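Subject: Structure handover

Hello,

Here is the structure I said I would pass on. My notes on it follow below.

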Amino acid sequence: MRPGMQARTLDVHQARGKRMMTATSNSRAIRGQPSHAMVGAMLEAAGLPAADVSEEHLRNFFYAPYEGSALGLVGLELYGHEALLRSLVVTQRERGKGLGLALVHHAESYAASRGVRSMYLLTLTAEPFFKRLGYARIDRSQAPSSIKRTSEFASLCPESSAFMVKTLYPSG
Ligand SMILES: CC(C)(COP(=O)(O)OP(=O)(O)OC[C@H]1O[C@@H](n2cnc3c(N)ncnc32)[C@H](O)[C@@H]1OP(=O)(O)O)[C@@H](O)C(=O)NCCC(=O)NCCS
């Protein structure tokens, strides 16, 4: 088993102690590689960029399954020691129950297992959420070239988006 594979399944209850999700036990797992249709529909519903998501991207996307659909998802673009965390979304009804937190933790753990040391992201509306998770806002000029080349950075996310970074440490 590849390092980090064990991180593909995570009980979201671990993320929030007693504040459990109300959905069935199916929703407790976070799985890899959602379908293109599922990702497109969820991102569009949340007003997040979907146009550039390719089949290749989906290899590093994760979702919380529920009855053939998903309660939430998150994506990563991996560039060696750097990565872009993107496409974090939780369906309206499931917000505030710890799933967003669980998805970010899952993405961070997976990224760290793949050698990522610096996780970057852009967000218009969730800066306080990410700040609580240890992300710090930095100037866009500080972005490494790998991140500057991403579609999200280069064109899809508005200039007014907060650009944030967090240092990841190898687990274990
Ligand atoms: C941001 C988002 C993923 C959070 O998902 P969630 O499942 O509601 O988050 P959680 O339940 O894990 O929240 C953890 C904590 O962060 C807080 N929080 C959630 N969203 C927040 C936000 N936008 N701003 C500030 N705090 C937020 C929660 O209130 C909770 O705090 P608590 O522990 O004191 O109760 C969800 O609101 C969402 O899908 N937003 C729309 C898409 C988006 O903005 N994505 C980010 C761009 S990449």
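Among contacts in the protein chain between residues at least 6 apart in sequence, what percentage join residues at least 24 apart? The figure is 68%. Please keep in mind throughout that this is a predicted model.

Overall make-up

The protein chain has seven helices and seven strands. Read from the N terminus, its elements come in the order α-β-α-α-β-β-β-α-β-α-β-α-α-β. The chain counts 172 residues, of which 36% are buried.

The sheet

The seven strands make an open sheet with mixed pairing, in the order β1-β2-β3-β4-β5-β7-β6. The edges are taken by β1 (31-32) and β6 (136-137); each has a single partner strand, so one side of each lacks a neighbour in the sheet. Helix α4 packs on the sheet, where it touches β2, β3, β4 and β5, and its direction makes about 30° with that of β3.

Strand β4 and its partners

β4 deserves a paragraph of its own. On one side, β3 and β4 pair in the antiparallel sense, over seven bridges. Two of the residue pairs are Leu 73 with Val 89 of β4 and Leu 78 with Ala 83 of β4. The two strands form a hairpin with two residues between them, and Gly 80 in the turn has a positive phi of about 65°. β4 also pairs with β5, this time in parallel, through three bridges; in β5, Tyr 120 is the bridge partner of Leu 84.

How enclosed is β4? Nine of its nine residues are buried, so the strand is largely enclosed by the rest of the structure. Ser 87 belongs to this strand and is buried because 26 other C-beta atoms lie within 10 Å, where 20 or more are required. Its backbone is worth a look: phi of Ser 87 is near 55°, a positive value in a residue other than glycine. Most residues other than glycine have a negative phi.

Another residue to check on the same count is Gln 33, which is not a glycine either and has a positive phi of about 55°. Gln 33 is found in the loop between β1 and α2. Is Gln 33 buried or partly exposed? It counts as partly exposed, with 13 C-beta neighbours inside 10 Å.

Helix α2

Which residues of helix α2 (residues 36-46) are buried? They are Val 39, Met 42 and Leu 43. These residues cover an arc of only 95° around the axis, which puts them on the same side of α2. An α-helix has 3.6 residues a turn, so residues three or four places apart point the same way. The face turned away from the buried side carries the exposed residues Ala 37, Glu 44 and Ala 45.

The buried residues of α2 pack against one helix element, α3 (55-58), and against the strands β2 (61-66), β3 (69-79) and β4 (82-90). After α2 comes Gly 47, with a positive phi near 70°.

Around the ligand

There are 20 residues around the ligand, and those that come nearest are Arg 95, Gly 100, Leu 101, Pro 128 and Phe 129. Two or more residues of this shell come from each of β4, α4 (99-113), β5 (118-123) and α5 (127-132). Which element gives the most to the shell? It is β4, with four residues. By type, the shell divides into 11 nonpolar, five polar and four charged residues.

Leu 101, one of the residues that come nearest to the ligand, lies in helix α4. With 18 other C-beta atoms within 10 Å, Leu 101 is partly exposed. The C-alpha atoms of Leu 101 and Phe 130 are separated by 9.2 Å, and the two residues are 29 apart along the chain.

Where to start

If you have time for one element, I would open the model at β4: its residues are buried, nine of nine, and β4 gives the most to the shell around the ligand. After that, the positive phi values of Ser 87 and Gln 33 can be looked at together.

Regards

Note on methods:
Residues are numbered from 1 along each chain as its sequence is written. This is a predicted model: local features need pLDDT of at least 70, side-chain atom pairs count only at pLDDT 80 or more; totals for chains, interfaces and linings use all residues. A residue is buried if 20 or more other C-beta atoms lie within 10 Å of its own, exposed if 12 or fewer, and partly exposed in between; C-beta atoms are placed from the backbone. The arc is that of the directions from the helix axis to the C-beta atoms. Two residues are in contact if their C-beta atoms, placed from the backbone, lie within 7 Å. A residue is near a molecule or strand if its C-beta atom, placed from the backbone, lies within 6 Å of it. Ala, Val, Leu, Ile, Met, Phe, Trp, Tyr, Cys and Pro count as nonpolar, Asp, Glu, Lys and Arg as charged, and the others, Gly among them, as polar. Two strands pair if DSSP finds at least two bridges between them. Axes are lines fitted to C-alpha atoms, for helices over the stretch in contact, and angles run from 0 to 180 degrees between N-to-C directions.
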